[in-house]
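Let's work through some exercises together, one small step at a time. Keep the sequence and the 3D view open while you read.

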Amino acid sequence: MSYYQPGILATPVPPQARHLFFALESVETLPQAIDNLLNLVDGKSAVVGFGESLAKALKVNIDGLRSFPALTGVGVENPSTQHALWVWLHGVDRGDLLNRSTALEAALAPALRLVQMQEAFRHKDGHDLTGYEDGTENPHDEAAIAAALQSDGADGLVGGSFAAIQQWQHDLKGFHALSAEDKDNIMGRRLSDNEEIDDAPVSAHVKRTAQESFAPEAFVVRRSMPWIEGDRAGLMFLAFGFSLDAFEAQLRRMSGLEDGITDGLYRISRPITGGYYWCPPLQNGHLDLRALRIG
């Protein structure tokens, strides 16, 4: 039996998903809301993450959990839209996800209020809407477990994970107006064969985020999925790590805060949200909330 929420590492990413973000409205009714959450979440078809503000409302501290920083880089902004609770619903049917979202929203009220919802989907077996494959450098198997999950700590921490989430909005019209060479140089890979370009510019996304190039190495497990809403579209970036440090190191370098060079990705996309969440482990098939002094 899994000791972590299996939806964190299950591959490939699901065909359909919903990201639900909740704000804390009533501390007094929070215990009942969490009881209801435990009955509706299995860690597989629904992954749950707690924000720092919710942990503080429960008068506990999760070592390593913090709120997403609003990072101002070299001509770029990474906004923080931190919320109290995040639920990532998985499925194959959008209608079923809608019904499950409605049930969760009702079960968590009045303690928690749904303030943002974003649908996402798998595109061409794991590609971004730009056409490039996402998560090519993801660690696998034991390496993924080591990168994504906490391996030690007090009761209720082992098997936990930290999630970093950003919604990126693409300028697809601008991107598709670029030459094939310009597109490849932004990404640092060739669209034709997904191979890295050795002489790509230093601003290329692959070079900015090469996980082994950081000290310490900054490995995370990416589970990103595209989103479309009217004429707006982009990527729901999602990365899991045993801490938030690896993701934040990558984001700082992407933003030019390390050496003044910003990631080429900002030429065609900008983040419009940002949040950090702690995903508790499982115990006997249920969320293990001992670290929150629950259960």
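Two strands pair if DSSP finds at least two bridges between them. Strands (E, at least two residues) and helices (H or I, at least four) are DSSP runs, numbered from the N terminus. This is a predicted model, where local features need pLDDT of at least 70 and side-chain atom pairs count only at pLDDT 80 or more, while totals for chains, interfaces and linings use all residues. Residues are numbered from 1 along each chain as its sequence is written, and side-chain values use heavy atoms, with hydrogens and water left out.

**Exercise 1. Find the strands that pair with S10, and decide how enclosed S10 is.**

Step 1: Start with strand S8 (residues 221-222), which runs antiparallel to S10 and is joined to it by two bridges. Here Val221 stands opposite Phe240 of S10.

Step 2: Move on to strand S9 (residues 225-229), also antiparallel to S10, with five bridges between them. Met225 has Met236 in S10 as its bridge partner. S9 and S10 make a hairpin with two residues in between, and Gly230 in the turn shows a positive phi of about 65°.

Step 3: Now look at S7, which pairs with S10 in the antiparallel sense over eight bridges. Gln166 faces Phe237 of S10.

Step 4: Check burial, where buried means under 20% relative accessible area, exposed over 50%, and partly exposed in between (1.4 Å probe, protein chains only). In strand S10 (residues 232-241), nine of the ten residues are buried, so the rest of the structure largely encloses it.

**Exercise 2. Describe the surroundings of strand S12.**

Step 1: Five bridges join S12 to S7, and the two run antiparallel. Ala163 has Tyr277 in S12 as its bridge partner.

Step 2: Strand S12 (residues 275-279) is mostly covered, with five of its five residues buried. Gly275, Tyr277 and Cys279 are buried on one side, and Tyr276 and Trp278 on the other, so both faces are covered.

**Exercise 3. Work out what the pair Trp168 and Tyr266 ties together.**

Step 1: Learn the rule: rings of Phe, Tyr and Trp (its six-membered ring) pair if their centres lie within 6.5 Å; planes under 30 degrees apart count as stacked, over 60 as edge-to-face and the rest as tilted. This rule gives twelve aromatic pairs.

Step 2: Apply the rule to Trp168 and Tyr266, which form a tilted pair at 5.2 Å centre to centre, with 50° between the planes.

Step 3: Trp168 sits in strand S7 (residues 161-170) and Tyr266 in the loop between helix H8 (245-254) and strand S11 (269-271), so the pair ties together parts that are 98 residues apart in sequence.

Step 4: Trp168 is buried at 4% relative accessibility, and Tyr266 is buried at 4% as well.

Step 5: Look for a group too: ring pairs link Phe21, Trp86, Trp88, Phe240 and Tyr277 into a cluster.

**Exercise 4. Locate His90 and list its neighbours.**

Step 1: His90 belongs to strand S5 (residues 85-91) and is buried, with a relative accessible area of 10%.

Step 2: Contact means heavy atoms within 4.5 Å. Leaving out residues up to four places away in sequence, His90 touches Gly7, Pro14, Gln16, Lys44, Ser45, Val47, Leu97 and Arg100.

Step 3: Finish with Lys44, whose backbone oxygen is reached by the side chain of His90 at 3.1 Å.

Key: Polar contact = N/O pair within 3.5 Å; in protein donor to acceptor, adjacent residues only side chain to side chain.
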